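Student: I have not seen this structure before. Could we go through it by question and answer?

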There are 2 protein chains.
Amino acid sequence: MSEVERRARAALSRLTEPGDPRLTNLVAELGAARLYDLLVNDRDAGGMLTDVAVRLASTDPDRELDRANSLGIRFVIPADDEWPTQVEALVSAGQLHERGGPPIGLWAKGPLRLDRLERSVAVVGSRSATTYGVQVAGELAAVVARQGCPVISGAAFGIDQAAHRGAVAMDGPTVAVLACGVDRAYPAAHTDLIAHLAATGAVVSEAAPGCAPTRIRFLARNRLIAALSRGTVVVEAAVRSGALNTATWAGRLNRVVLGVPGPVTSAQSQGVNQLIRKASAVLVTSGQEVLDLVGQAGEHLVEDPRAPVRPRDRLTSRHRQVLDAVPVARGAGTDSVARTAGLGIVEVSSALSYLHRYGLVEQDDDGWRLAALAHT
Amino acid sequence: MSEVERRARAALSRLTEPGDPRLTNLVAELGAARLYDLLVNDRDAGGMLTDVAVRLASTDPDRELDRANSLGIRFVIPADDEWPTQVEALVSAGQLHERGGPPIGLWAKGPLRLDRLERSVAVVGSRSATTYGVQVAGELAAVVARQGCPVISGAAFGIDQAAHRGAVAMDGPTVAVLACGVDRAYPAAHTDLIAHLAATGAVVSEAAPGCAPTRIRFLARNRLIAALSRGTVVVEAAVRSGALNTATWAGRLNRVVLGVPGPVTSAQSQGVNQLIRKASAVLVTSGQEVLDLVGQAGEHLVEDPRAPVRPRDRLTSRHRQVLDAVPVARGAGTDSVARTAGLGIVEVSSALSYLHRYGLVEQDDDGWRLAALAHT
């Protein structure tokens, strides 16, 4: 059973981009195995097939998993003990932010188990770091890793590299989360660093082996770094920096967000200084302060408050069409609602999530049904 | 009348140290003129006389004011239009903190009127500043002063000097608050700077002309800088720095407290970074941000909430002795209570303030009487 699930998730991981909430909503409702069968067998299942038909034809999940295995790469799924459950915080984030859904599975290489990342600290920052930033990131990561807290970063130039190195220098645990397959090295200049992390810590990605890094995957990678770690420290970041994107995700996920200040005359500190200024990050000056603040954070992270209910008449015509197809009494599955509405399953799933969020439909054991609110 | 008051305050300013709440409480109750007469004529008035007898004998307020006048120094008192009313925030602070009372008067030299300081910004920091700190303080002060906001500082080496210079470079208003008499220059190396400020802006002190700077006067000066300005910016400060003392006073007085961050590797930024970290100061990176935040601050500054009431049995025996001398029905003046208690007027005044703060005595038109709470 678990291996059927793994095969299906491996195939889906190859078929779609990380964090796509259309996919993760369907997986949550139908299960990965059933969704995969649906996509393979029912060529009328909806918009998704037309998106992915080409990739689907060339996908052989068994061979893919075998090949990964031969490279020392495992594919960790929610059913595994090793699954880092903290990434489930992305389930609700995925309802609110594009590409914010939870990972379908994590490709991983290296001896460090992913369920050990529960108390990890992300250390991120500029690729074009200054010597100041590199020095501080390295020392801070060393202090954190020496206490056994895994240091997560993205293996990029600058702050990322300094953070991994600081942890490695202490023989401390450190993990690189990549935007490409874990069998690839990006940037190429960090081939040795990434190989070292794969040999001593872990290298992790949502992208299947062989995948190239893309802009979408970098953004999804940032959200994954934030979701895996208990707190994110931004060491240096210019005003437009990927590290600020990671910090934003950490904030959305109610993780601790920390920033190392720098000279107001340094462009590389401008983004962090503003983050602290707006109270989006707490100022830290040392690894010990990071440990104190990350340690204070509770085991159970607070979820964002729910969005307010909006009246039915503010729905789009497409959403109203789906709402009209939802049964009043006993629930129906997404595929049944889609047939009634005459719309594709992917579009209907997304509409049902939207309607659910605003309290207009409910879910029971049989599927979707109209909520009391929607009658009015 | 006003000149009688000025003479009395000038004498009292020479007789006591700045911010002494024993003095300011008595002045508030009795008026400066009556208190001065009491001290001159009634040699049994209490502990204060023994403290100040020597100084009193050598004080001639008329000659003092004439001499100051001939040096271009004026003595500004609360009855004057020029009085900077924002320093009255120290009246309640003086009840809670030693040496926190309001000034008895301000010795001033220079064309800038003190009532123009209502929208001023204090820029303070380390004497042993780095080139980074000096650069940032100068630029920040220049931007603030160019907008017509007076820049207040202490004419010390390092950040203070840079702040004054930045304002001067823009022909903007700037004021030095000194711990010594305004006819003196401390540090001596800043004789020219202080003379320039006296010629173009203002030099201000609570200490009478000729007074030397002392530790007590430096601390009192810091509180005055905070009280005069609407917001205080700390540019660089090591962990133990007078600038942090100014920031603490600004916080107590509900003024805007701002901090310029610096490298975590710089000892000169450690104090400011910690101030920001503990949310005791808002991080700022430019003069414009300072203006935005200081401009946002309302005209009417919020007072601290009152301290909780404590039971009578927690009083010292001396406080209880004073409490027992306070009449139950019609109020009595401090001197009357002092006679009944057989204690000095200064000690009794201080005890009455303490008892008043905890709700055990009340004040009516006739003076002090027991509060309902004290009967229990």
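Student: How many bridges join strand β3 of chain B to strand β4 of chain B?

Tutor: This is a predicted model, in which local features need pLDDT of at least 70, side-chain atom pairs count only at pLDDT 80 or more, and totals for chains, interfaces and linings use all residues. Residues are numbered from 1 along each chain as its sequence is written, while chains are lettered from A and ligands numbered from 1 in the order in which they are written. Helices (H or I, at least four residues) and strands (E, at least two) are DSSP runs, numbered from the N terminus, and strands pair if DSSP finds at least two bridges between them. Strands β3 (residues 121-124) and β4 (residues 151-153) of chain B run parallel, and the number of bridges joining them is two.

Student: Which residue in β4(B) stands opposite A122(B)?

Tutor: β3 of chain B covers residues 121-124, and β4 of chain B covers residues 151-153. Opposite A122(B) in β4(B) stands I152(B).

Student: Which strands of chain B are the edge strands of the sheet?

Tutor: Nine strands of chain B form an open sheet with mixed pairing, in the order β1-β2-β6-β5-β4-β3-β7-β8-β9. An edge strand pairs on one side only, and here these are β1 (73-76) and β9 (282-283) of chain B.

Student: What turn lays chain A on chain B?

Tutor: Copies are superposed by least squares on the C-alpha atoms of residues with pLDDT of at least 70 in both. Chain A then fits chain B with an RMSD of 0.3 Å, and the shift along the axis is 0.2 Å. The two copies are thus related as by a two-fold rotation axis. The turn is 180°.

Student: How many residues of chain A are in contact with chain B?

Tutor: Residues are in contact if their C-beta atoms, placed from the backbone, lie within 7 Å. Of the interface residues of chain A, 94% are also interface residues in chain B, so the copies meet through the same surface. On the chain B side 15 residues take part, and on the chain A side the number is 16.

Student: At what angle do helices α15 and α16 of chain A cross?

Tutor: Axes are lines fitted to C-alpha atoms, for helices over the stretch in contact, and angles run from 0 to 180 degrees between N-to-C directions. The axes of α15 (residues 334-341) and α16 (residues 345-357) of chain A come within 9 Å. Since 65 to 115 degrees counts as roughly perpendicular, α15(A) and α16(A) are therefore roughly perpendicular to each other. The crossing angle is roughly 110°.

Methods. Contact = placed C-beta atoms within 7 Å. Parallel < 35°, antiparallel > 145°, perpendicular 65-115°, else oblique.
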